[in-house]
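Trainee: Could you take me through one part of this model closely, beginning with the sheet and then moving on to whatever else helps to place it?

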Amino acid sequence: MVKTRQPVGRAELLARAGAALAAGHGVVLVGPPGIGKSTILDTLASRSTAEVVLRCSAAEAEAELPYLALIDLFDGVPEAIFDTLPAHLRGAIDGALLRSVLPSTPYDQLAVCLAVLEVLRTLAETRTVMLVLDDLQWIDEPSAGVLRFVSRRIAGSAIGFVAAERVSGRMTAERGALCPQPWTELVVEPLTESEVADLLRDRFRGRLTRRDAQRVFLASSGNPLYAMELGRAFCERPGPTRPMAPLPVPDRLRGLLSARIATLPERERPILLLAAAAARPSVALLQRCGAAVEGELEAIRAGILVRDFDGAMRFSHPLLCEMVYADAVDSDRRAAHAALAEVVSDPVERARHLAIAMREPDELLARSLTEAAEAARLRGAPAAAADLAQLAAERTPDGDGAAAAARWLDAARHALGVGALAEATRHANAALALSADARVRIGARLLLIEMAGEDCSGIGPLLVAALAEANDHPDLAARLWMHQAAKSYYDGDQESALSESKRAEAMAEECHDIGLLVEILTWRGSMLIGSQRDDLLERSGQLARSLPLTPGVVSARQAAAMSPLFRGDVATAVERVTALHAEVVRSGAVREIAATLVSVAGVFQRAGRCAEALVVAGECARLFEDVMASPGPGQLVLAMAELNGGSPARALEYVERATVACQAAGDEGWIRHAYTTGGMIKLLLGDPHGAVEQMRQAYETSHQLGRIDPGQVLWHADYIEALVASGARNEAETVLAEVTSCAIDLGRQVALLGLARAGALVTAATGRARDGAEALGQAITRWADHPYPLEIARAYQVLGGLERRAHRRGAARAALEKAIRRFAQAEAIPWLEASRAELARLDGGRGHGLSETERRIVELVRAGATNREIARTLFLSVKAVEANLTRMYRRLNVRNRAQLARVLDSTE
């Protein structure tokens, strides 16, 4: 059977379904149309290990055709199976399934029921059987009668089944009697906003903006079919989506919903349009617009509108609202907005209605929209502010180029604030083209420079042009020199970068621009290491605390919040970082939300909260994909979180993608981080040579730049371990000495336990495993209160391996059990599995040394199952099976499946 991709957002549901099937239960999926039941059914069927899969997919148009579901179900069953039936049963089933000419007299339905039962029993005698029944609600009644009969008689048998039924309102199966007991009912829930974004991103490859995806989510209410159709309609629409333009409702969805609206009386159509145009429709608001809403509306009776107890009104599904609005004549839409503008009191909402009602340029309207955009921003509604600012620029009269340019620049800043890079770029270029004002032109170029992010390769011409106009504007010149310093650093000219950053700092102080000074100090601090870095970042963070949130202020406070972490003060770092992130979330600044998530994931991992870090890292990666110039940093954050709390195989996939993205952006800092992360992942996966190849590049570059700071990213001990494992002991000794010296000089005490772990492995590599174990044991005692839980756990893990090599099995077991307990507390799944595998090796592979997943894999290996068959049985990916086997081979010192089985058999 063809393997299907796992549906987005359905991992937990598939796991529950898999557990039910493994326990001998059937599964019945229920949910509304388009929610993804058939896709999940396909996935479950593709993962089934059954040798015979019988499937029927009913359809509404065929629900009156007798026995069509059975014809579908038994299509492809070998003729030999039917040949085993007695003649009267064979004749009955042949007639029902149209396998013979019609008989002169009708067959008894009981004979058909018995024939189907016998066919299933015969199939199940020699092979495993799975029934897959899609759209139970449309199975024709004759087939349903047979299935009811059969289901009562195969209940509890080895015949498995999965089914799906479309339901609405009460989420429970109505035709469950067609399925043999026992079965588990699973409700297919709507996708979350992030899952819808992942679905759209995967299918449309970046052709939708983040704001488009948000609008699709709201209109679809998380229904994947609706989301996909709306996303396709967005992509087919020419040009960028304009603010507040009607949502394109495709014909496929229109057919599902239009019949409900078509039955309404004509007099209610204006009421529906007013409700669709209003931000917060209510009976009172519609009455102020002159609508007759007394009594019970047909739209309410039909379930299109819902009237709440407080008089508020809403559409029963957001897509109905979008369709009513999109289908209205443009003049009617404008009239509805004009009517609403007359009665609403909120200035932001009034400006929005006026902008849609009045399409012609108007200076008073443009001013009103500009004021409304600022009001929306201050209220924490940056997306609304961006739309209003764009409308303000569009409604500016043609003769006033200066005002239009200033408003386009304002619109660009608002668009950048919500991560709409394409819109921000267009708006900034429009301002640049229209303006003769140097400040506006410099401001537009600065915005374009900032949008380049870490990739400074193309900003040179922008800097040259902006600096040429900045002589009379020292505040802007100071900001430009800061970016010039970043460009020099990017080009590898550290001396110029330092000089230019000091020039920018002096100019900012002369202008008394504290916000800019904060940005400059933060950037310069990022160039330094050790206490110099910490002191400068702490100073900029202190200055930033009294300032309103801007990108520069967030960056300064974020860097200052992380500094305590590198000194071992995890609690302070977690408190500061999470508080800052919450504050940024309230502001709605999407790019800053993405940036702070990098730190949240980092502090959670250092604090031993690996499961939480994995969730945060997933959101971080999605936001970087959507709103940042390069997705690389977000993917790196996710790779590290997967390494510590998820799947090393997935971590390797993410780090490979991240490396490509960071190289494309030309950001040396993130490229080094990609190399170190990739090396740590490969070391865990048992590839020390590959790990050394990557980490050596990062180490040599850091060494040349004089930027070895062992406390910032804890990778140097892993590098030394990989060197030892790959046979480069002399190089390992050299690196150990250099890094330990740097850690002591910089006061990075948090790195010393990891370096002691690496040092013990270097000692053991000389044949003195006992000496290495004793030295590491003393280091663990000295650092018993180490602030990073994973560091202690990893030290115990290595200690267990050294004690085993020293032939002290009791001490090895004790160390490994401590490592396992600590990894379990931190939910560090990959490291937990590695430690359990190490314990299994110590035990010679006895069952209590294997994880539950490893034990089940070994059972299937003994039975002769292939990796693909094991994956389907255990609902894992093939890569996950291969990774588990690789770890067991390495830990048990075997090379293949046969040796693995022999080693385990010999110890049981």
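Mentor: In this predicted model, the part to begin with is an open sheet of five strands, whose order is 2-3-4-1-5 and whose pairing is parallel. Its edges are formed by strand 2, residues 52-57, and strand 5, residues 183-187, each of which pairs on one side only. From one strand to the next, the twist averages 15°.

At the edge formed by strand 2, the neighbour is strand 3, residues 129-134, and the two run parallel, joined by six bridges. Within this pairing, Ser57 stands opposite Asp134 of strand 3. Helix 1, residues 11-22, lies across strand 1 (26-31), strand 3, strand 4 (160-166) and strand 5, and its direction makes an angle of about 175° with that of strand 5.

Turning from the sheet to the helices further along the chain, helix 23, residues 460-468, has Leu463, Ala466 and Leu467 buried. Viewed down the axis of helix 23, the buried residues fall within an arc of 95°, so they line one face of the helix. Pro461, Val464 and Ala468, on the other side of helix 23, are exposed. The cover over the buried residues of helix 23 includes helix 22 (438-451) and helix 24 (474-490).

A single residue is worth following in the same way. Gln694 sits in helix 35, residues 688-705, and with a relative accessible area of 15% Gln694 is buried. Apart from neighbours within four places in sequence, Gln694 is in contact with Tyr675, Gly678, Gly679 and Lys682.

As for the cysteines, a search of the whole structure finds zero disulfides. Cys321 has its closest cysteine sulfur in Cys289, at 15 Å, which is too far for a bond; Cys321 counts as buried, at 19% relative accessibility. Cys620 is likewise in no disulfide, the nearest cysteine sulfur being that of Cys662, 12 Å away, and at 0% relative accessibility Cys620 counts as buried.

Finally, a word on confidence. The protein chain has a mean pLDDT of 87, with 95% of its residues reaching 70 or more. Among the elements of the chain, the highest mean pLDDT, 96, belongs to helix 32 (residues 632-645), whereas the lowest, 68, belongs to helix 46 (residues 897-907).

Definitions and conventions. Residues numbered from 1 in each chain as written. Predicted model: local features only at pLDDT ≥ 70, side-chain atom pairs only at ≥ 80, totals over all residues. Heavy atoms only, no water. Pairing = 2+ DSSP bridges. Helix = DSSP H or I, 4+ residues; strand = E, 2+ residues; numbered from the N terminus. Axes fitted to C-alpha atoms, helices over the stretch in contact; angles between N-to-C directions. Contact = heavy atoms within 4.5 Å. Buried < 20%, exposed > 50% of the residue type's maximum accessible area, 1.4 Å probe, protein only. Arc of directions from axis to C-beta. pLDDT = per-residue confidence, 0-100. Disulfide = S-S within 2.5 Å.
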